[in-house]
Protein chains: 2
Amino acid sequence: MCENEQEVWSNRPIGVFDSGVGGLTVAREIMRQLPNERIVYFGDTARVPYGNKSRETIVKFSRQIVRFLQTQKVKAIVVACNSASAYALEVLEQEVDIPIIGVIKSGARTAIQVTRNGKIGVIATEATIGSGIYKRYIQENNAEATVLGKACPLFVPLVEEGLWEDPVTDEIAKRYLTELIDVGIDTLILGCTHYPMIRSTVGRIMGSDVTLVNPAYETAHELKRLLQETGLESSHRPGLGTELYRFFVSDAADKFQKFANSILTYGILSAKVINIEAY
Amino acid sequence: MCENEQEVWSNRPIGVFDSGVGGLTVAREIMRQLPNERIVYFGDTARVPYGNKSRETIVKFSRQIVRFLQTQKVKAIVVACNSASAYALEVLEQEVDIPIIGVIKSGARTAIQVTRNGKIGVIATEATIGSGIYKRYIQENNAEATVLGKACPLFVPLVEEGLWEDPVTDEIAKRYLTELIDVGIDTLILGCTHYPMIRSTVGRIMGSDVTLVNPAYETAHELKRLLQETGLESSHRPGLGTELYRFFVSDAADKFQKFANSILTYGILSAKVINIEAY
């Protein structure tokens with residue numbers, strides 16, 4: 001690649017996708033840590049959630065989304081969905097010729113660094129827990145570690161219903177988390193992009209001795225390193241008149257915008273609906 | 001149609017579809033009230049739920065499912081999903097040349113018959129409530145009726161998590177139902193196919209003066225009348241060796257079977273996964 005080509009490439013946006021709105025917590029971290037980067041976000045709101053679906057279906061949906069993002073000339077892709085990272089990332093890595101990262105490896109790596117007693121908990125959707133991928137990544141790097149996964153299917157609906165601080169969310173969280181407390185974990189990975197929104201509830205129940213790991217933060221950090229290593233980092237903030245962030249969804253743009261504006265400090269202008277099944 | 005053709009037609013199965021497992025409560029009623037009828041059930045488990053999706057998406061998904069059911073040579077179709085009945089039924093009626101019914105009209109009709117004070121409540125998904133269709137149907141037939149709709153987005157995840165009798169479900173139900181109690185409704189339509197599973201919780205909170213209407217029961221009853229009127233009723237129970245009930249899903253057949261077996265007295269043998277997007 002000659003110098004001009006390199007510059008054109010580095011000015012391209014980052015593609016970020018999720019099954020819906022949850023991945024916006026990852027997009028938010030990328031906005032914070034990489035303010036020069038443009039982002040094209042896709043939320044699969046017509047087929048949300050992925051967390052209770054099978055590997056085959058998640059791989060199929062993820063492939064369609066990657067094909068769409070490639071039409072948007074992205075320079076790298078962030079799979080900002082744990083369920084898709086768990087089931088589809090390894091397949092996508094083989095098929096795509098631009099850098100692609102998920103949210104799981106970086107969260108697992110951080111958990112290994114911060115644990116003191118080697119007992120790590122993971123809370124996530126049924127799909128992510130069922131894949132066993134956090135356990136595999138962690139134990140590949142630290143064979144001594146004990147990893148306890150717990151599926152928490154009600155957390156996503158509770159977050160989407162706005163019950164971020166609520167006695168009902170407290171009660172459900174206590175039920176889900178008790179066995180992790182009993183085992184004596186000292187590190188807990190928030191293995192679903194919705195969970196940072198109920199971080200304080202989870203933190204209160206787990207107690208101050210347990211470190212919470214937010215893969216959104218770690219993933220943005222890994223993306224930064226990756227762009228630097230590959231020379232794909234954007235060297236300057238795009239000029240006035242360039243649209244910094246673009247949002248696409250497969251359904252219900254209004255609802256997406258409303259939720260997005262409650263998460264992002266940057267108010268999104270609009271989200272465009274596309275027919276994802278056509279990709 | 002000559003007599004032989006009529007007999008061939010009347011031996012065809014009923015197509016029943018839903019976004020997932022909820023419609024099985026309707027299938028169960030059809031099995032009870034119409035034991036001679038064969039059923040082909042489709043649950044769109046790859047794209048479940050519909051209740052938080054837009055009209056366009058629900059119409060598109062419903063059209064694909066109807067095309068699939070037609071390949072199964074069904075003689076009539078039951079839209080066993082309130083969200084799809086709310087948004088897609090009127091479109092489908094125009095496009096399909098076999099009888100097609102939804103779950104909403106029959107529930108609305110029954111509510112009009114049983115109310116004494118003319119105050120009718122409807123609990124359902126956001127899509128169904130947002131469509132305003134129960135209100136429209138009821139007021140077309142009884143302009144004096146007051147109809148109060150309440151979206152209950154957490155009921156479906158609570159049912160699917162198995163919390164049919166649980167203090168958390170009680171608490172959430174109280175929050176959703178309080179405004180219906182305050183208005184003084186005497187009739188409440190369970191406007192989502194999952195809700196019959198928490199019928200006793202809802203009934204306890206509403207009190208014994210409020211009549212609960214279960215559209216699943218009413219729909220099976222309406223189907224029976226329709227088949228009799230059109231001469232499409234199956235005259236005898238299919239013989240040994242004929243598969244009475246067949247189940248198709250778009251994803252996760254194992255999970256579907258598990259849930260189905262908790263609802264149906266008839267143990268389902270298997271569910272087959274099909275690619276619904278291809279229809």
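A:Thr187 lies in strand 7 of chain A, where strands (E, at least two residues) and helices (H or I, at least four) are DSSP runs numbered from the N terminus. The model is a predicted one, in which local features need pLDDT of at least 70 and side-chain atom pairs count only at pLDDT 80 or more, while totals for chains, interfaces and linings use all residues. Residues are numbered from 1 along each chain as its sequence is written, chains are lettered from A and ligands numbered from 1 in the order in which they are written, and side-chain values use heavy atoms, with hydrogens and water left out.

**Exercise 1. Describe the surroundings of A:Thr187.**

Step 1. Is A:Thr187 buried or exposed? A:Thr187 has 0% relative accessibility and therefore counts as buried; buried means under 20% relative accessible area, exposed over 50%, and partly exposed in between (1.4 Å probe, protein chains only).

Step 2. Find the polar partner of the side chain. The side chains of A:Thr187 and A:Asp186 make a polar contact of 2.8 Å. A polar contact is a pair of N or O atoms within 3.5 Å; within protein, one must be able to donate a hydrogen and the other to accept it, and residues adjacent in sequence count only if both atoms are side-chain atoms.

Step 3. List contacts (heavy atoms within 4.5 Å). Apart from neighbours within four places in sequence, A:Thr187 touches several residues, including A:Ala111, A:Val114, A:Lys119, A:Val210 and A:Val213.

Step 4. Locate the residue across the strand pair. In strand 7 of chain A, A:Thr187 is the residue opposite A:Ile120.

**Exercise 2. Derive the layout of the sheet in chain A.**

Step 1. Establish the order. Four strands form an open sheet in the order 6-5-7-8, and their pairing is parallel; two strands pair if DSSP finds at least two bridges between them.

Step 2. Identify the edges. Strand 6 and strand 8 (211–213) of chain A are the edge strands, each pairing on one side only.

Step 3. State the twist. On average, neighbouring strands of this sheet are turned by 25° against each other, direction ignored. Axes are lines fitted to C-alpha atoms, for helices over the stretch in contact, and angles run from 0 to 180 degrees between N-to-C directions.

Step 4. Examine strand 5. Six parallel bridges link strand 5 of chain A to strand 6 (residues 146–151) of chain A, and four link strand 5 to strand 7 (residues 187–190) of chain A. A:Val122 has A:Gly149 as its bridge partner in strand 6 and stands opposite A:Ile189 in strand 7. Five of the six residues of strand 5 (residues 119–124) of chain A are buried, so this strand is largely enclosed by the rest of the structure.

Step 5. Add the helices. Helix 8 (residues 133–141) of chain A lies across strand 5, strand 6 and strand 7, at about 165° to strand 6. Helix 11 (residues 199–206) of chain A packs on the sheet and touches strand 5, strand 7 and strand 8; its direction makes about 160° with that of strand 7.

**Exercise 3. Explain why A:Cys152 forms no bond with A:Cys192.**

Step 1. Search for disulfides (pairs of cysteine sulfur atoms within 2.5 Å). The whole structure contains zero disulfides over all chains.

Step 2. Check the distances. The closest cysteine sulfur to that of A:Cys152 is in A:Cys192, and the 9.0 Å between them is too far for a bond. A:Cys192 is likewise in no disulfide; its nearest cysteine sulfur, that of A:Cys81, is 7.7 Å away.

Step 3. Check accessibility. A:Cys152 is buried at a relative accessible area of 1%, and A:Cys192 is buried at 7%.

**Exercise 4. Relate chain A to chain B and examine B:Arg175.**

Step 1. Superpose the copies by least squares on the C-alpha atoms of residues with pLDDT of at least 70 in both. A turn of 180° and a shift of 0.0 Å along the axis lay chain A on chain B with an RMSD of 0.0 Å. The two copies are thus related as by a two-fold rotation axis. In chain A, the C-alpha nearest the axis belongs to A:Arg47, at 2.3 Å.

Step 2. Compare the contact surfaces. The same surface serves both copies, since 100% of the contact residues of chain A recur in chain B.

Step 3. Place B:Arg175. B:Arg175 lies in helix 10 (residues 167–183) of chain B and is partly exposed, with a relative accessible area of 33%.

Step 4. Which residues does B:Arg175 contact beyond its neighbours within four places in sequence? They are A:Leu163, A:Asp166, A:Pro167 and A:Val168. With A:Asp166, the side chain of B:Arg175 makes a side-chain polar contact of 2.8 Å.
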